[in-house]
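The following questions and answers introduce a protein chain to a reader who has not met it before. Please keep the sequence and the model in view while reading.

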Amino acid sequence: MILEAEKIRKHFGHHEVLHDVSFSLEKGHALAVIGSSGSGKTTLLRCLNFLERPDGGVIRVNGEILFNAADPATRREKTIREKRLHFGLVFQSFNLFPQYTALRNITLPVELHAKNRKDSRIDKKTIIQQGMELLDQMGLSGKAELYPHQLSGGQQQRVAIARALALQPDILCFDEPTSALDPELTGEVLRVIRGLAEKNTTMLIVTHEMAFARDVADQVIFLDGGYVVERGSAEDVINNPKEERTKQFLARFSQE
């Protein structure tokens, strides 16, 4: 397994958002996380990326313990910053730097990472070349010198995906990547993610697109109230759910 999460807990004040959430993800597979608003999907993703610190549980990547709530050594900020690099995160609202071009949005994090690690093997020319290759992969080779405000929402999200890929993460995470897009632009982003799935990119996708989750994901987990209510293959969970709560959610979703 490339990713193992065991009994992840998170609370904000007296409100427990995640209750002993456990799952695993195999290398080259895609896992979709579905559920109603407030079910804990985004909080789970933020805990895995260490944007939120879990209050309990263990996170492993490639067999290495990245976080153990019972071990203070894994909770240090410097340690957390390093561990975060195992994950690439694509946000709902793009989060591009408005003052930089599409290409610079991709290359800047790579340059900063190389500088922080004092890695002289990676020169600026190589970083720019890799950035251009990622833009081409996203179908944006002619947009390198444009600024975010000159791009459509779908194009901005594709730049954000390229930026997440630039640091070559073990796991690429998406937090409802089409929620900020209108239906016409949603399709172009979903096509890119489908293409990544076909290349066996390891992905964890929080999504409200049920048909997309069924078609792209190998596994699905359904969260409700911070609990994993059901898990299994995408076909089984979405087309043939066993739990009554899952059936209610999917029935309501299909009517929206």
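Q: How far apart are the end C-alpha atoms of α5, and what span should its 14 residues give?
A: This is a predicted model, and the helix can be checked against its expected length. At 1.5 Å a residue, the 14 residues of α5 should span 20 Å. The expected span agrees with the distance between the end C-alpha atoms of α5, which is 20 Å.

Q: How many of the 14 residues of α5 are buried?
A: A residue counts as buried when its relative accessible area is under 20%. The helix α5 is largely enclosed by the rest of the structure, because the number of its residues that are buried is 14 of 14.

Q: Which residue follows α5 with a positive phi, and is that residue buried or exposed?
A: α5 is followed by Gln168, whose phi is positive, near 50°, although Gln168 is not a glycine. This residue is found in the loop between α5 and β7. Its relative accessibility is 66%, and therefore Gln168 counts as exposed.

Q: Which element gives the most residues to the largest nonpolar core?
A: The largest nonpolar core has 35 residues, and those touching the most other members include Val159, Ile161, Leu172 and Phe174. Elements that give two or more residues to this core include α3 (102-116), α4 (124-137), β7 (171-175) and α6 (183-198). With seven residues, the element that gives the most is α5.

Q: How many residues does the other core hold?
A: In soluble globular proteins, nonpolar side chains tend to be buried together. Apart from the largest core lies another one, with Ile2, Leu66, Phe67 and Ile80 among its members. The number of residues in this other core is 29.

Q: What does Leu196 touch, beyond residues up to four places away in sequence?
A: Leu196 is one of the residues that touch the most other members of the largest nonpolar core, and it is also among the buried residues of α6. Residues up to four places away in sequence are not counted here. Leu196 then touches Gln137, Ile161, Leu165, Leu172, Phe174, Thr201 and Met203.

Q: How far apart are the end C-alpha atoms of α6?
A: The helix α6 has 16 residues, which at 1.5 Å a residue should span 22 Å. The model agrees with this expectation, since the end C-alpha atoms of α6 are apart by 23 Å.

Q: Against which elements do the buried residues of α6 pack?
A: In α6, Leu185, Thr186, Glu188, Val189, Leu190, Val192, Ile193 and Leu196 are buried. Just after this helix, Asn200 takes a positive phi of about 60°. The buried residues of α6 pack against α4, α5, β7, β8 and α7.

Q: Which backbone oxygen does the side chain of Asn105 reach?
A: Asn105 is found in helix α3 and counts as buried because its relative accessibility is 0%. Leaving aside neighbours within four places in sequence, Asn105 is in contact with Leu96, Phe97, Tyr100, Pro148, Val159 and Arg163. At 3.2 Å, its side chain reaches the backbone oxygen of Tyr100.

Q: What is the relative accessible area of Ile34, and where is this residue found?
A: Ile34 is in contact with residues including Lys41, Thr207, Met210, Val220 and Phe249, leaving aside its neighbours within four places in sequence. Its C-alpha atom is 23 Å from that of Lys199, which is 165 residues apart from it in sequence. Ile34 is buried, with a relative accessible area of 0%, and is found in strand β3.

Q: Is Asn62 buried, partly exposed or exposed?
A: Asn62 lies in the loop between β4 (56-61) and β5 (64-68). Its phi is near 55°, a positive value in a residue other than glycine. With a relative accessible area of 49%, Asn62 is partly exposed.

Q: What is the radius of gyration of the chain?
A: The secondary structure of the chain comes to nine helices and 10 strands. The globule rule gives 18 Å for 256 residues, and the chain is close to that value, so it is as compact as a globular protein of that length. Its radius of gyration is 18 Å.

Q: What share of the 256 residues in the chain is buried?
A: The chain exposes about 12600 Å², of which carbon and sulfur atoms supply 46%. Among the 256 residues, the share that is buried is 49%.

Key
Residues numbered from 1 in each chain as written. Predicted model: local features only at pLDDT ≥ 70, side-chain atom pairs only at ≥ 80, totals over all residues. Heavy atoms only, no water. Core = buried A, V, L, I, M, F, W, Y, C linked by side-chain atoms within 4.5 Å. Buried < 20%, exposed > 50% of the residue type's maximum accessible area, 1.4 Å probe, protein only. Helix = DSSP H or I, 4+ residues; strand = E, 2+ residues; numbered from the N terminus. Contact = heavy atoms within 4.5 Å. Expected span 1.5 Å × (residues − 1). Rg over C-alpha atoms; globule rule 2.2 N^0.38 Å. Areas by Shrake-Rupley, 256 points an atom, 1.4 Å probe, with all protein chains shown as cover. Polar contact = N/O pair within 3.5 Å; in protein donor to acceptor, adjacent residues only side chain to side chain.
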